[in-house]
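Reader: I've got a model open and a few labels I'd like explained. Can you take me through them?

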Amino acid sequence: MSMIEFKDVQKYYGDFHALHDVNLKIDAGETVVLIGPSGSGKSTLIRTINGLEEIEEGQLLVDGFDLHDPKTDINKIRKNVGMVFQHFNLYNNKTVLENIMLAPRLVLHRDEAENKRIAMELLEQVGLADKANSMPAALSGGQKQRVAIARSLAMKPKALLFDEPTSALDPEMIGDVLDVMRDIARDSDMTLLVVTHEMSFAKAVADRVIFMADGRILEDSSTEAFFENPTEPRAKKFLSQVEHH
Amino acid sequence: MSLLNQYFSVFVQGFGHTLLASIIALIGSLVLGTLFAIMQVSSSKTGRIIGNIYVQVFRNIPLLIITLFLYLAVAKVIKMTGFVAGTVGLTLYTSAFIAESVRAGILSIEAGQMEGARANGLTFNQAMRVIILPQAFKVAIPSLGNQFINLVKNSSILAFVGGLDLMYQGNLVAASSFDTFTTYIIIGVFYLVITMPLSYYVQHLETKLKKKA
């Protein structure tokens, strides 16, 4: 069953054609990595899936809901589709624990004791149980991102979107965040879509790789096929550029 | 000093009305101003237009005209005393400035806070109430403090519509005692009794929140 499906989707910013004839199907439980040069539309694409960006034309089905239908309640989709941002977006006025417990309390009306138990378990899972009562400002970037991942997981989503989760981190912080993401990909049956420049992560974790440039999907192949034998010249060029690093 | 003794109960009555009008208008304008600030930053086009018109109208008309309009025109339809007309006028006028302060506070909060909350499943209103406004008010405190101090001083508008406030009573005392100078000095001091603690409190709040952050 497909969790996310784009059908002939178009997205514009004024005259700029940000998403061009996008057709894409992601099945439930798949881990898909989305790569491409900056400005290629990766972030725009991933942000349309939970309605942070609207599409102008086409059909976008997420968890059975049509996002382009004005009658669709976006909050129902967001309940089941989490997102992790490049700049974390933790609630600056709440403790780490409150960051994780807030949405389950307000949106899912989860029992308070149960809510706390789940939140502490998740903090344990991302290795930050000792930071439960810290404010976000007291954390390093890598720690913030791990809290942000825990916050998303607390909603028990069917799908999780990662929008360049390690791009704003110092190099020595990246490993911890990728480890957490790798564990999620391995141990859960969630649908994961990850925009990233971490090729080794893509190789290790992804079932599929999608390559975008200029708002179009140029290549959509299995991970081995993509890295061993990319068909698109732009994808080849991109890979040779990033693999020098 | 004999003037103060002689008219003490009159001054106190004025002081009470000024204090009461200030407290009502402070709470009223904070609530109204916050609502219109939220409308102005909402995604609803109608909300933005209404919020904008409200702020522009009440910010750009003199307080005296708003109050006289209430007292002379609106009061013909809805019965109200001068005290009520003055207090409502003061509330409407101040709320437009509060809306601007709160709106600036909201805009100073990075967009990621709202996006994070919405992506997390919160509605716009929940995100506003729990995440954005608490942070926005912190930023807006110095400017809100200014508005509140202005509000107390602007409450002297009540004198124009028989609002029984400090200024109104002062005018009466000055007229009957002929000691205009002393009367207005005393009135000034009474205003200070409200505004000084208010500005110290705002300053205190500012440093306290700065330390916390």
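Reader: What makes up residues 4-239 of chain A, in helix and strand, and how far apart are the end C-alpha atoms?

Author: Over that stretch chain A is 38% helix and 26% strand, with the end C-alpha atoms 26 Å apart. Helices here are DSSP runs of H or I with at least four residues, strands are E runs of at least two, and both are numbered from the N terminus. UniProt, in an unreviewed entry, lists residues 4-239 of chain A as "domain: ABC transporter"; such annotations use the numbering applied here, have shortened feature names, and may be inferred rather than shown by experiment. A word on the source: this is a predicted model, where local features need pLDDT of at least 70, side-chain atom pairs count only at pLDDT 80 or more, and totals for chains, interfaces and linings use all residues. Residues are numbered from 1 along each chain as its sequence is written, while chains are lettered from A and ligands numbered from 1 in the order in which they are written.

Reader: Why is strand β3 of chain A called largely enclosed?

Author: A residue is buried if 20 or more other C-beta atoms, placed from the backbone, lie within 10 Å of its own (exposed means 12 or fewer, partly exposed in between). Five of the five residues of β3(A), residues 31-35, are buried, so the rest of the structure largely encloses it. A:Thr31, A:Val33 and A:Ile35 point one way, A:Val32 and A:Leu34 the other.

Reader: How do you know that β3(A) pairs with β8(A)?

Author: Pairing takes at least two DSSP bridges between two strands. β3(A) and β8(A), residues 191-195, have four and run parallel, so they pass that test. One partnership there is A:Val33 with A:Val194. Strand β9(A), residues 208-213, also pairs with β3(A) in the parallel sense over four bridges, and A:Ile35 stands opposite A:Phe211.

Reader: Which residues have the most contacts inside the largest nonpolar core?

Author: A:Leu34, A:Leu122, A:Ala150, A:Ala154 and A:Leu161, in a core of 132 residues. Such a core is a set of buried Ala, Val, Leu, Ile, Met, Phe, Trp, Tyr and Cys residues joined through C-beta atoms within 7 Å. Contact means that C-beta atoms, placed from the backbone, lie within 7 Å. Beyond its neighbours within four places in sequence, A:Leu34 is in contact with residues including A:Leu45, A:Val194 and A:Ile210.

Reader: How many residues does each chain bring to the contact between A and B?

Author: Chain B brings 15 and chain A 19. On the chain B side, α6(B) gives the most, with six residues.

Note on methods: Two residues are in contact if their C-beta atoms, placed from the backbone, lie within 7 Å.
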